[in-house]
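Please open the structure in your viewer and keep the sequence panel beside it, as this tour moves from one selection to the next and says what can be found at each stop.

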Amino acid sequence: MRTAFNRRPVRWREQRAAYRIQVPGPLYALLKLYVSEPGSDEFNRMVQGREDLFVSDLTVTEVASALARRLRHGAGTLETARLMQHAILERLDGGIYHRVELTRDVHRRAERFLLSLIETPLRAADALHLALATSAHAASLASFDARLGAAARAVGLVTYP
């Protein structure tokens, strides 16, 4: 006899599969995996077990910036922040995340986006992320920034959320 408890894992697997279908890969991700913010839990569920995550060192630097900002506001400890940074780097260096390099060509692509997506006010770092995603031939981009999401959709990427 199946109980609600017995059915729960099936629904969970179906839910995880639905996340992957909704967000086709490869996926360029700005990591909420390590900085707890609104939407982090759902994002973590969506990427759990995926082997098609692209990440750049620019993302790692931005995560370190977010962690430093939290430290300045009295949230967390330096030791925890460093552990998180090292965890990201270990996954990136270990091949769990696929690294996308910030090259001269990526910079030129970002500059083209800045000058062609006039309706979407992109910041330089956002344009670089968009260029990194498209240079890696990502199908999707995960970002909780509305402007970056709009720009990603404008160049044909599926966005999350």
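Begin by colouring the chain by pLDDT: this is a predicted model, and its pLDDT averages 87 over the chain, with 87% of the residues scoring at least 70. Now select residues 1–20, where the pLDDT is below 50, and where the model nevertheless shows 16 contacts beyond near neighbours in sequence. Where pLDDT is low, the predicted coordinates should not be read in detail.

Next, display the whole chain as a cartoon, in which seven helices and five strands can be picked out. If you follow the chain along its sequence, the elements come in the pattern α-β-α-β-α-α-β-α-α-β-α-β. Of its 161 residues, 36% count as buried, and if you switch on a surface, the accessible area comes to about 9400 Å², with carbon and sulfur atoms contributing 55% of that area. Among contacts with a separation of 6 or more, 66% join residues that lie 24 or more positions apart.

Now select the strands, and ask in what order they lie in the sheet. The five strands form an open sheet with parallel pairing, and the order across it is S3-S2-S1-S4-S5. At the edges you will find strand S3, residues 98–100, and strand S5, residues 158–160, each of which pairs on one side only. Looking across the sheet, you can see that neighbouring strands are turned against each other by 30° on average, with direction ignored.

For a view of one pair, select residues 27–29, which make up strand S1, together with residues 140–142 of strand S4; these two strands pair in the parallel sense over three bridges. Within this pair, leucine 27 stands opposite serine 140 in S4.

The last stop is helix H6, so select residues 124–135 and place a distance label between the C-alpha atoms at its two ends, which are 16 Å apart; this agrees with the 16 Å that 12 residues should span at 1.5 Å a residue. How many of the 12 residues of H6 are buried? Nine of them are, so the helix is largely enclosed by the rest of the structure. To see them, show the side chains of Asp126, Ala127, Leu128, His129, Leu130, Ala131, Leu132, Ala133 and Thr134, which are the buried residues of H6. Finally, move on to histidine 137, which follows H6 and has a positive phi, near 60°.

Definitions and conventions. Residues are numbered from 1 along each chain as its sequence is written. This is a predicted model: local features need pLDDT of at least 70, side-chain atom pairs count only at pLDDT 80 or more; totals for chains, interfaces and linings use all residues. Side-chain values use heavy atoms; hydrogens and water are left out. Two strands pair if DSSP finds at least two bridges between them. Helices (H or I, at least four residues) and strands (E, at least two) are DSSP runs, numbered from the N terminus. Axes are lines fitted to C-alpha atoms, for helices over the stretch in contact, and angles run from 0 to 180 degrees between N-to-C directions. The expected span of a helix is 1.5 Å times one less than its number of residues. Buried means under 20% relative accessible area, exposed over 50%, partly exposed in between (1.4 Å probe, protein chains only). pLDDT is the predictor's confidence in each residue, from 0 to 100. Contact means heavy atoms within 4.5 Å. Accessible areas come from the Shrake-Rupley method with a 1.4 Å probe; for residues, only the protein chains shown count as cover.
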